[in-house]
Every structure is written in C-alpha cells, then in structure tokens.
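Morning, everyone. I have one structure to go through, and I will keep it brief. Please look at the screen.

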Amino acid sequence: LALRPRLIGVNNRDLRTFQVDIETTARLRSFIPPDVALVAESGIHTEDDVARLAGAGIDAMLIGEGLVTAPNIGAKVREFAN
C-alpha cells in the first residue's frame, strides 16, 4: 500500500488453476484500509454471492460471466441490484 491506492481489485480466479473462490476477496478485506475501495472480480453469479460479498465489506463487484451467460441480462442485473 506504499502507493496509496484509492481502489484495489482482487481477482477471485486463480490464474494458475482457473479455480474460482469468491471468498478470496473477503479474506483479504482486513488487510486493506477501509478508505481504499475494494472490488471483487470473477465468480459472482448469484444474488447470494452479491449479498455475501457486500456483507463482508466489499465496495464493488465486477460481474462479467454471470451477466453474459444469463438468458435475460436485464433480469439478472435487477437480481444483483436488489
């Protein structure tokens, strides 16, 4: 954190194995100062995933595959926004 970032993104996908664990971002939250916005990236597919991450103090989520694979993207966005 010597660079004093205002935003940090954490990829929940291990790029060596391609395994996804959305708890990765939640586990790292305590190492990041509260004034630094934390973005969870990858593996977010359900409303429960969004609620879990929000409850862990995650500020934002990058949701890609969860949207582009949804049969109805608009409905999926509304689901995540609840």
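I will take the sheet, then the core, then two residues. Keep in mind that this is a predicted model.

Let's begin with the sheet. It is an open sheet of three strands in the order 1-2-3, and the pairing is parallel. As a general reminder, strands of a sheet pair through backbone hydrogen bonds, either parallel or antiparallel.

What does the order tell us about the edges? Strand 1 and strand 3 stand there, each with a single partner strand, so one side of each has no neighbour in the sheet. From one strand to the next, the twist averages 25°.

Now the pairs. Strand 1, residues 7-11, runs parallel to strand 2 and pairs with it over five bridges. To get from strand 1 to strand 2, the chain passes through helix 1, residues 23-28, and this β-α-β crossover is right-handed. If you want a place to look, find Asn11: its bridge partner in strand 2 is Glu41.

On to the other pair. Strand 2 and strand 3, which is residues 60-62, are also parallel, with three bridges. Here the chain goes from strand 2 through helix 2 to strand 3, again as a β-α-β crossover, and this one is right-handed. Two positions to find on screen: Val39 is opposite Ala60 in strand 3, and Glu41 is opposite Leu62 in strand 3.

Next, the core. How many residues does the largest nonpolar core have? The count is 14, and the residues with the most contacts inside this core are Leu38, Ala40, Ile44, Leu53 and Ile58. Two elements give two or more residues to the core: strand 2, residues 37-41, and helix 2, residues 47-55.

Take Leu38 from that list. Leaving aside residues up to four places away in sequence, Leu38 touches Ile8, Val10, Thr25, Arg29, Ile32, Ile58, Asp59 and Ala60.

One of those contacts, Thr25, is my last stop. Thr25 sits in helix 1. Is this threonine buried or exposed? Thr25 is buried, because its relative accessible area is 0% and buried means under 20%. What does Thr25 touch? With residues up to four places away in sequence left out, the contacts of Thr25 are Val10, Asn12, Leu38, Val39, Ala40 and Ile58.

To put the last part together: Thr25 in helix 1 touches Leu38 and Ala40, and Leu38 and Ala40 are among the core residues with the most contacts. That is all I have.

Definitions and conventions. Residues are numbered from 1 along each chain as its sequence is written. This is a predicted model: local features need pLDDT of at least 70, side-chain atom pairs count only at pLDDT 80 or more; totals for chains, interfaces and linings use all residues. Side-chain values use heavy atoms; hydrogens and water are left out. A nonpolar core is a set of buried Ala, Val, Leu, Ile, Met, Phe, Trp, Tyr and Cys residues joined through side-chain atoms within 4.5 Å. Buried means under 20% relative accessible area, exposed over 50%, partly exposed in between (1.4 Å probe, protein chains only). Helices (H or I, at least four residues) and strands (E, at least two) are DSSP runs, numbered from the N terminus. Contact means heavy atoms within 4.5 Å. Two strands pair if DSSP finds at least two bridges between them. A crossover is right-handed if, with the strands pointing away from the viewer, the path from the first strand over the helix to the second runs clockwise. Axes are lines fitted to C-alpha atoms, for helices over the stretch in contact, and angles run from 0 to 180 degrees between N-to-C directions.
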